[in-house]
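The following account leads the reader through one protein model, from its overall contacts to its interior and then to its surface. Please keep the sequence and the structure in view while reading.

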Amino acid sequence: MGDQYSATPSSEPASFDSVIEEYVDEEYRWLAAAVADLGSHVNSFLCSWPVTFLQFQGCFLVCLLAVGWTWASFNRRRQLNPIREKMARDLKRVNSAPKLGRKSSKVSAACYGPAVSVVLPVKGVHGRSLENWRTLLETNYASDVEWIFVTDSADDPAVPVIKALQKEMVEAAGEVYQVRQVVAAHSTACSQKIANQLAGMRMSNPRSKYVVFLDDDIQLHPDSLQVLVDVMEEDPEVLVGTGYPLDIPSPASSFATYCMMVYHLPLLVAFSHGRRSFNVWGGCMILPMEVMRENMFGIVGHLSEGGYSDDLIIASLCSAKGRKIACPGRALFVNHMDPQVTWRKYWNYLRRQLFVLYTYTSWHNCVVNTLLLYSHSYVSFAITLPFFTSVLHLAVALVQMVSPFGHICYHLTKEVLILPTVHQHSGPSGPLFSAPLCPMGASSALAYLGAVAMAGGAVRHMVRGCAEVCSAMSPSRPPVPAADIRWSKVMWALLVNNLLLPFCALVTGVSSRIEWAGVVYARTVNGRVNVVHRD
């Protein structure tokens, strides 16, 4: 093949046989013919308008996500100066106050705010349970607080740990902070989490003005309760205050752990508006105790009669009744993830997140959840599919540039897959550069990949900003280890999670059952759930 590039290129397309004879040795001509045929079909596919539209659409959605993450980062970082100023004022006040000791200072402050009951549904323990629960001791809330841990049986592994925590809190805070352990009955007509929440609420202090429902795997900051109470006190139209988790994987975390982590990253944007939100996270909710005890808006009925997702039910009620949802910027809680998440556990987690969208307790709840399900599935596909066509664009362009078979594809089809693709032939006439005939497909592929790179930088900036805010709110604790996050894993996990999500939604829709913490729930025809099996 020493002289095949010496020919002067013609302005007319060469015939198949002449190109084969000119550029390829006889023993490789069958392969050249196959490559030429494949290149023609790939060219036609990648330059078609559906692929171009898919890539431009993906570019737009990824850019939108990047803008959302940048905006969320900006809103979260705005909290840093107020947090630091408050810390300075608190330090000055503490230094100038009489040295009464921890217990006495808590008692003397008990009249400053409304009483609060904090309910934590608990199922077993994990490596960080006691560490997370000890953060409750560090609260600076200036009034009566009680902590109600609710299990579904008296022999739950969490019970002895709760009793040890009770002893620690009594020694640390005396009579002001009360820690109680309540056993809820096994649920039959709603999720066990909701049954535990309602049981804890019914056993709460009659003087409590607010009830706070917390997941047991997050860490509170010293001012978290005060922040949540303040947003409720400021506006009587607020029905529920909420927050959101910041999932932090360890350096040794499995790839499945990262796939679980990235599910929350796009949703973090929806909880970063500042003071208001349209969404509720079930891991942190504060509601007026009066609303729960008097079953206003039928809230207890919606939850207890076939309810599965506490947050979506309450968010739907807020939307239907015209009540506000508060989400203060400082209501952000660190969740140190299990590093050994398996693919089976991840798949069950993803199914549980989507199962909630198939459940509902009212017509309004049904419409909202259905729209969320279909939009979530479509956007996930629309974001991930262009990745494969764009990478294929680059791969074929690379083959064209480095392989002699690329010249055959060019001569036979007169098409160029990506801009710029250069075919250079040395000869008396000098270099010849082919004119690109597929600029839209090429431009959309490059734009999509550029948007992905921009989104990677935006999500990294957002997570680091959120970590700074969490570290500032808990200065006595080690800084949040955001630097340990493997960002290459995050990007691949985003791709895998969004690729699997529509398939998982389909599987979840076909199956009417789901397993959650050892309990199997079945979805009924009216969107409610009941318990069919318990380990």
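Among the contacts in the protein with a separation of 6 or more, 80% are made by residues 24 or more positions apart. The model in which these contacts are found is a predicted one. Its secondary structure comprises 19 helices and 13 strands. Of the 535 residues in the protein, 51% are buried. The protein exposes about 24100 Å², and carbon and sulfur atoms supply 62% of that area.

The interior may be considered next. In soluble globular proteins, nonpolar side chains tend to be buried together. Here the largest nonpolar core has 96 residues, and within this core W147 and F149 touch the most other members. The element that gives the most to this core is helix α18, which spans residues 439-473 and provides 10 residues. A second core, separate from the largest one, has 30 residues, among them V182, M201, V300 and A315.

Strand β5 offers a closer view of a buried element. Why is strand β5, residues 238-242, described as largely enclosed by the rest of the structure? The description applies because 5 of the 5 residues of β5 are buried, burial being defined as under 20% relative accessible area. Strand β5 is paired with two strands, β9 and β8. With strand β9, residues 324-326, β5 runs parallel, and 3 bridges join the two. In this pairing V238 stands opposite K324 of β9. With strand β8, residues 284-288, the pairing is antiparallel and extends over 2 bridges. There, G241 has I286 of β8 as its bridge partner. In a regular strand, the side chains alternate between the two faces of the sheet.

The surface provides a further point of interest. Which residues make the nonpolar surface patch of about 490 Å²? The patch is made by W49, F53, Y378 and V379. Two elements, α3 (49-77) and α16 (363-402), give two or more residues to it.

One member of the patch, W49, may be examined individually. This residue is found in helix α3. Is W49 buried or exposed? Its relative accessibility is 69%. Because the term exposed applies over 50% relative accessible area, W49 counts as exposed. W49 thus combines a place in helix α3 with a share in the nonpolar surface patch, whereas the residues of strand β5 are buried.

Definitions and conventions: Residues numbered from 1 in each chain as written. Predicted model: local features only at pLDDT ≥ 70, side-chain atom pairs only at ≥ 80, totals over all residues. Heavy atoms only, no water. Patch = residues over 30% accessible without salt bridge, like charges linked within 9 Å, V, L, I, M, F, W, Y side chains within 5 Å. Areas by Shrake-Rupley, 256 points an atom, 1.4 Å probe, with all protein chains shown as cover. Salt bridge = Lys/Arg side-chain N within 4 Å of Asp/Glu carboxyl O. Helix = DSSP H or I, 4+ residues; strand = E, 2+ residues; numbered from the N terminus. Buried < 20%, exposed > 50% of the residue type's maximum accessible area, 1.4 Å probe, protein only. Pairing = 2+ DSSP bridges. Contact = heavy atoms within 4.5 Å. Core = buried A, V, L, I, M, F, W, Y, C linked by side-chain atoms within 4.5 Å.
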